[in-house]
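Trainee: Please take a close look at the pockets of this model and at the helix packing around them. I would like one connected account.

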Amino acid sequence: MDHSAHTTHLSSVAAMAWSGFGLAAVVPGVMRLARRSPLWERVSLPPGMAAPLLVLLHAWVVLGSLVGLAPPAGPFVTEPVLLVGAVLFWVPVVARTRHRLSDPGRCLYLFLAAPLLDLPALGIIAAGHSAEGIAMIVAMLPLSITAAVLTWTWVNREERLAAAADGWALPVPGGDPRA
């Protein structure tokens with residue numbers, strides 16, 4: 001995916017969208033299918049290293065051509081590096097490793113990462129490539145949606161556990177309203 005403005009307008013918009021969507025939806029989706037793989041334990045980084053690493057790699061890949069830091073091979077180098085960074089970022093959220101985050105930790109991790117990963121897209125917009133920047137921001141919405149779903153699931157689980165500990169049951173959605 002060439003993140004530069006040197007390609008045709010439509011192809012650069014599609015490249016930005018695909019890159020963002022891959023990072024925010026494809027990588028975690030594939031990892032979720034293989035979440036019990038022993039590979040994740042071997043490549044797992046602490047979340048405090050994985051998130052900044054991805055934020056910096058993403059900024060380099062997206063903004064590199066604008067500031068003259070893009071490698072000569074372009075996306076043939078940057079996209080695989082970004083893919084590795086995305087995998088390392090998602091390991092503490094998806095896989096069960098020594099660095100797995102708790103439910104509140106996963107929520108906070110994703111909610112903090114989402115705007116940081118959007119900053120390079122804002123740089124693209126500021127450089128005059130509005131369509132490309134907006135395409136990336138929209139394509140990365142699955143990351144924020146995942147954070148919201150994890151938060152909702154965690155809050156509901158905590159509520160059920162508290163209700164069970166207090167000896168009363170929460171109503172089941174779609175159950176008998178007279179119960």
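Mentor: What follows goes through the two pockets and then the packing of helices on α5.

The model is predicted, and the values below are computed from it. The largest pocket holds about 300 Å³ of space. Its lining has 16 residues, and those nearest the centre are Arg32, Val93, Val94, Arg106 and Leu150. Four helices, α1 (9-33), α4 (75-94), α5 (103-126) and α7 (141-166), each supply at least two residues of this lining. The most comes from α1, which gives four residues. By class, the lining of the largest pocket has eight charged, six nonpolar and two polar residues.

The second largest pocket has about 190 Å³ of space. It is lined by 11 residues, with Trp18, Gly22, Leu23, Glu79 and Leu83 nearest its centre. Here α1 and α4 each supply at least two lining residues. Helix α1 again has the largest share, now with six residues. The class division for the second largest pocket is eight nonpolar, two polar and one charged.

Now the packing. Two packed helices are described by the angle between their axes and the distance between those axes. For α4 and α5, the angle is about 150° and the axes lie 9 Å apart. An angle over 145 degrees counts as roughly antiparallel, so α4 is roughly antiparallel to α5. The crossing of these two helices is left-handed. On the α4 side the contact is made by Phe89, Trp90, Pro92 and Val93, and on the α5 side by Arg106, Tyr109, Leu110 and Ala113. Seven of the contact residues are nonpolar, one is charged and none is polar. Val93 and Arg106 belong to this contact and are also among the residues nearest the centre of the largest pocket.

Helix α3 (residues 47-67) also packs on α5, at an angle of about 10° and with the axes 9 Å apart. That makes α3 roughly parallel to α5, and their crossing is right-handed. From α3 the contact takes in Pro47, Ala50, Ala51, Leu54, Val55, His58, Ala59, Val62, Leu63 and Leu66, and from α5 it takes in Tyr109, Leu116, Leu117, Pro120, Ala121, Gly123 and Ile124. By class, this contact has 15 nonpolar and two polar residues, with no charged ones. Tyr109 of α5 is in the contact with α3 and also in the contact with α4.

Methods:
Residues are numbered from 1 along each chain as its sequence is written. This is a predicted model: local features need pLDDT of at least 70, side-chain atom pairs count only at pLDDT 80 or more; totals for chains, interfaces and linings use all residues. Side-chain values use heavy atoms; hydrogens and water are left out. On a 1 Å grid over the protein atoms alone, a cavity is a set of points where a 1.4 Å probe fits but cannot get out, and a pocket is an open set with protein on both sides within 12 Å along at least five of seven lines; lining residues have an atom within 4 Å of a point. Grid points are joined across faces, edges and corners, and a volume is the space filled by probe spheres set on the points. Ala, Val, Leu, Ile, Met, Phe, Trp, Tyr, Cys and Pro count as nonpolar, Asp, Glu, Lys and Arg as charged, and the others, Gly among them, as polar. Axes are lines fitted to C-alpha atoms, for helices over the stretch in contact, and angles run from 0 to 180 degrees between N-to-C directions. Angles under 35 degrees count as roughly parallel, over 145 as roughly antiparallel, 65 to 115 as roughly perpendicular and the rest as oblique. A crossing is left-handed if the near helix is turned anticlockwise from the far one by less than a right angle, and right-handed if clockwise. Contact means heavy atoms within 4.5 Å.
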